[in-house]
Each structure stands twice: as structure tokens, then as C-alpha cells.
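Here is a short set of exercises to work through with the model open beside you. Try each task before reading its solution.

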Amino acid sequence: VQLQAFGGGLVQAGDSLKLSCAASRRSAYSMAWFRQAPGKEREFVGTVMSSGRILYADSVKGRFTIFRNNAATTLSLQMDLLKPEDTAVYYCAAQLLRDSLAMVDSAWRYWGRGTQVTVSS
């Protein structure tokens, strides 16, 4: 499956932004968002698992909402109350190899190209 993320941009602290990830075909795969800030390792943001379970990183809980459309072809990330530390390239991923490893990037099989999110203070 091919993934394409879009929706990034430059916003100010406190603003909102919505990212979307379009899959090339419908699937029952788990899907997730990760992000990578300059000079840092890629980190987990959130996931909608094939079971319907939703997980978030502690750093985004209460500010970000992840959801999937009914056709299971688009994964979205609504980001509210953005902070400068949210600045990163955001990547979407699909097909989790093991549910217990949802927060580990190497446990995901398919990756899209990232979309840049920059939050100014």
C-alpha cells in the first residue's frame, strides 16, 4: 500500500492544523502518525489500530485527535493548541507487525513521505 501525507504548514503557537494520510487502497491495517524533529529520532504520535483501539503519545494527549474515515483509506490527525516543540516532519505508517510494538517505528511496514509542520512561538 502506498501512503501520502499532506496538510503540513507554518502556524503560530496555539493554532490548529489538520494532517491527512491517503492510502492507495482500502485495508484493515493499523495506521499511525510518527514525527521527527531536527536532530532527534523519529517518535510515535498516535495510532488507530485495526481493532479500533486508539493510542497517543503522552506529549500530545488532549491536544491531538487521530481518526480514520469509514472507507479506511484516510488517516487524519487534528492538531490543536500547537506548540513550538511540535515542529517536525510528520510521517504516516501502516501495517503494524505486532500490536504490542505500536509505538516502535520499526514495527511498521509501510511509510509515506513526510509533511513538514512548523510552529512558531
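The accessible surface of the protein comes to about 6400 Å², and 47% of that surface belongs to carbon and sulfur atoms. Keep in mind throughout that this is a predicted model.

**Exercise 1. The overall build**

Task: Describe the secondary structure of the protein, and work out whether its radius of gyration agrees with that of a compact globule.

Solution:
- Begin with the elements: the protein has 11 strands and zero helices. Read along the sequence, the pattern is therefore β-β-β-β-β-β-β-β-β-β-β.
- Next, take the extent: the C-alpha trace spans about 40 × 25 × 25 Å along its principal axes.
- Now compare with the expectation. A compact globule of 121 residues would have a radius of gyration near 14 Å, and the protein has 13 Å, so the two agree.
- Turn to burial: 45% of the 121 residues count as buried.
- Finally, look at the contacts between residues at least 6 apart in sequence: 57% of them join residues at least 24 apart.

**Exercise 2. The charges**

Task: How far apart are the mean positions of the positive and negative charges of the protein?

Solution:
- Count the charges: there are 14 positive and 9 negative ones.
- Take the mean position of each set; these two points are 9 Å apart.

**Exercise 3. Two positive phi angles**

Task: L81 and Q95 should each be placed in the fold; is L81 buried or exposed, and is Q95 buried or exposed?

Solution:
- Start with L81, which lies in the loop between β8 (74-79) and β9. Its phi is positive, about 50°, although L81 is not a glycine.
- The relative accessible area of L81 is 52%; exposed means over 50%, so L81 is exposed.
- Move on to Q95, whose place is in strand β9 (residues 88-96). Q95 also has a positive phi, near 65°, and is a residue other than glycine.
- The relative accessible area of Q95 is 17%; buried means under 20%, so Q95 is buried.
- To see what surrounds Q95, set aside residues up to four places away in sequence: Q95 touches Y29, S30, A107, W108, R109 and Y110.

**Exercise 4. Around D105 and E43**

Task: Which side chains make polar contacts with the side chains of D105 and E43, and how far apart are the C-alpha atoms of D105 and E43?

Solution:
- Locate D105 in the loop between β9 and β10 (108-111). With a relative accessibility of 25%, D105 counts as partly exposed.
- List its contacts, leaving aside neighbours within four places in sequence: D105 is in contact with F34, R42 and W111. With R42, the side chain of D105 makes a polar contact, side chain to side chain, at 3.3 Å.
- Locate E43 in strand β5 (residues 43-48). E43 counts as partly exposed, at 36% relative accessibility.
- Apply the sequence filter of four places to E43: its contacts are F34 and R35. The side chain of E43 makes a polar contact of 2.6 Å with the side chain of R35.
- Put the two lists together: F34 is in contact with D105 and with E43.
- Close with the distance: E43 and D105 are 62 residues apart along the chain, and their C-alpha atoms are separated by 7.4 Å. For another pair, D105 and Y56 are 49 residues apart in sequence and 14 Å apart in space, C-alpha to C-alpha.

**Exercise 5. A residue in β11 and its partners**

Task: What does the side chain of T115 reach, and which residues are in contact with T115 beyond its sequence neighbours?

Solution:
- Place T115 in strand β11 (residues 115-120).
- Judge its burial: at 9% relative accessibility, T115 counts as buried.
- Follow the side chain of T115, which reaches the backbone nitrogen of G8 at 3.1 Å.
- Widen the view, leaving aside neighbours within four places in sequence: T115 is in contact with A5, F6, G7, G8, L19, A88, V89 and Y90.

**Exercise 6. A glycine in a loop**

Task: Where is G52 found, and is G52 buried or partly exposed?

Solution:
- Find the loop between β5 and β6 (54-56), which holds G52.
- Use its relative accessibility of 47%: G52 counts as partly exposed.
- Add a distance: G52 and M31 are 21 residues apart along the chain, with their C-alpha atoms separated by 10 Å.

Technical notes:
Residues numbered from 1 in each chain as written. Predicted model: local features only at pLDDT ≥ 70, side-chain atom pairs only at ≥ 80, totals over all residues. Heavy atoms only, no water. Helix = DSSP H or I, 4+ residues; strand = E, 2+ residues; numbered from the N terminus. Buried < 20%, exposed > 50% of the residue type's maximum accessible area, 1.4 Å probe, protein only. Contact = heavy atoms within 4.5 Å. Polar contact = N/O pair within 3.5 Å; in protein donor to acceptor, adjacent residues only side chain to side chain. Rg over C-alpha atoms; globule rule 2.2 N^0.38 Å. Areas by Shrake-Rupley, 256 points an atom, 1.4 Å probe, with all protein chains shown as cover. Lys, Arg positive; Asp, Glu negative; His and termini not counted. Charge placed at Lys NZ, Arg CZ, Asp CG, Glu CD.
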